[in-house]
Structure formats: C-alpha cells, structure tokens
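Here is a short note for a colleague who is new to this structure. Please read the points with the sequence and the model open.

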Amino acid sequence: LNRLIAIQLTKPGGSVNRTLLVRSVEGYAKLKIKASKKLYSNVVYGLYLLGSNNIYKTLDAYFVYKCEKKWTFSLSMHNLLNNKILVQKSISPNSLNEYSFQLVQRYVLGQVGFSF
C-alpha cells in the first residue's frame, strides 16, 4: 500500500507558498509454510516508512498444529525484532513535533482449542 499526501502551505495573505509531498509507505511480506495437513505456519514481516530516515519494521510468526479432528494447538509470536519504542517526527516551517510510543516487547501467546 503506497499513499501520497499533499500538504499546501499558505502565506498569511492566503496565497499558496509551496506544496510539500509527504510519502507514507506501508508493506508486508508473508511466508506461508504448510508442512502437512496438520501443521502449518506463517511468518509476517512488516515495513513502515514513516519519514526519510524513520523506518519501522515488524516480524511476527504463527504456528498451528491440528491434533486429530478435535484438538488444535497454536502459538503466535509478536514483535520478534523486540522494538521498544516507536518515534515519529514531523517538521513544518513553524514547528518540530516528535511523537513517541512505548511498545509491548516481544511476547508469545499459546492457544488450545477443542471442538465437538
């Protein structure tokens, strides 16, 4: 997904001064592995270009094992690159803004499912 946002700056008199182009690029790659009918997994790599020198990367993995017909075991692992903080900066002629967000560190979730 590629987005292009145009921002117009105006002079106090109301005439257009110039146009700044801000690019925000988002994308991901997904690798699906199906070892058998009972075992499959996904690995997802995400990339977000938040600014010219500001790149945010993510890596998640999912594993599912179906045991017999009634039981399902799964693991999902998130933030495998262990990002701790996300910083986004925006610069305009009048201001410099910096936003920082604390992220949940690397974690693993397990799930057991039973169907009847």
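1. A definition comes first. Strands here are DSSP runs of E with at least two residues, numbered from the N terminus. Keep in mind that this is a predicted model.

2. Start with the overall fold. The protein chain contains eight strands and zero helices. Along the sequence the order reads β-β-β-β-β-β-β-β. Of the contacts with a separation of 6 or more, 29% join residues 24 or more positions apart.

3. Next, the surface. The chain has 116 residues, and 16% of them count as buried. About 9300 Å² is exposed by the protein chain. Carbon and sulfur atoms supply 57% of that area.

4. Which residues form the nonpolar patch on the surface? They are Leu39, Tyr65, Trp71, Phe73, Val112, Phe114 and Phe116. Together they have about 760 Å² of accessible area. Two strands deserve a look here: β5 (71-78) and β8 (107-114) each supply at least two residues of the patch.

5. Take one patch member, valine 112. Its place is in strand β8. Is valine 112 buried or exposed? Valine 112 counts as exposed because its relative accessibility is 54%, and the cut-off for exposed is over 50%.

6. Now turn to strand β4, which covers residues 54-67 and holds aspartate 60. Aspartate 60 is buried, yet has no salt bridge. The nearest side chain of opposite charge belongs to arginine 106, 9.3 Å away. A salt bridge would need a side-chain nitrogen of Lys or Arg within 4 Å of a carboxyl oxygen of Asp or Glu.

7. What does the side chain of aspartate 60 reach? It reaches the backbone nitrogen of asparagine 79, at 3.0 Å. Asn79 also appears among the contacts of aspartate 60 once neighbours within four places in sequence are left aside. The others on that list are Asn42, Val43, Val44, Met77, His78 and Leu80.

8. Cysteine 67 also lies in strand β4. Cysteine 67 counts as partly exposed because its relative accessibility is 23%. That value falls between the cut-offs of 20% for buried and 50% for exposed.

9. One last distance to check. Cysteine 67 and leucine 39 are 28 residues apart along the chain. Their C-alpha atoms are separated by 8.9 Å. Leu39 is one of the residues of the nonpolar patch from point 4.

Definitions and conventions:
Residues numbered from 1 in each chain as written. Predicted model: local features only at pLDDT ≥ 70, side-chain atom pairs only at ≥ 80, totals over all residues. Heavy atoms only, no water. Patch = residues over 30% accessible without salt bridge, like charges linked within 9 Å, V, L, I, M, F, W, Y side chains within 5 Å. Areas by Shrake-Rupley, 256 points an atom, 1.4 Å probe, with all protein chains shown as cover. Helix = DSSP H or I, 4+ residues; strand = E, 2+ residues; numbered from the N terminus. Buried < 20%, exposed > 50% of the residue type's maximum accessible area, 1.4 Å probe, protein only. Lys, Arg positive; Asp, Glu negative; His and termini not counted. Polar contact = N/O pair within 3.5 Å; in protein donor to acceptor, adjacent residues only side chain to side chain. Contact = heavy atoms within 4.5 Å.
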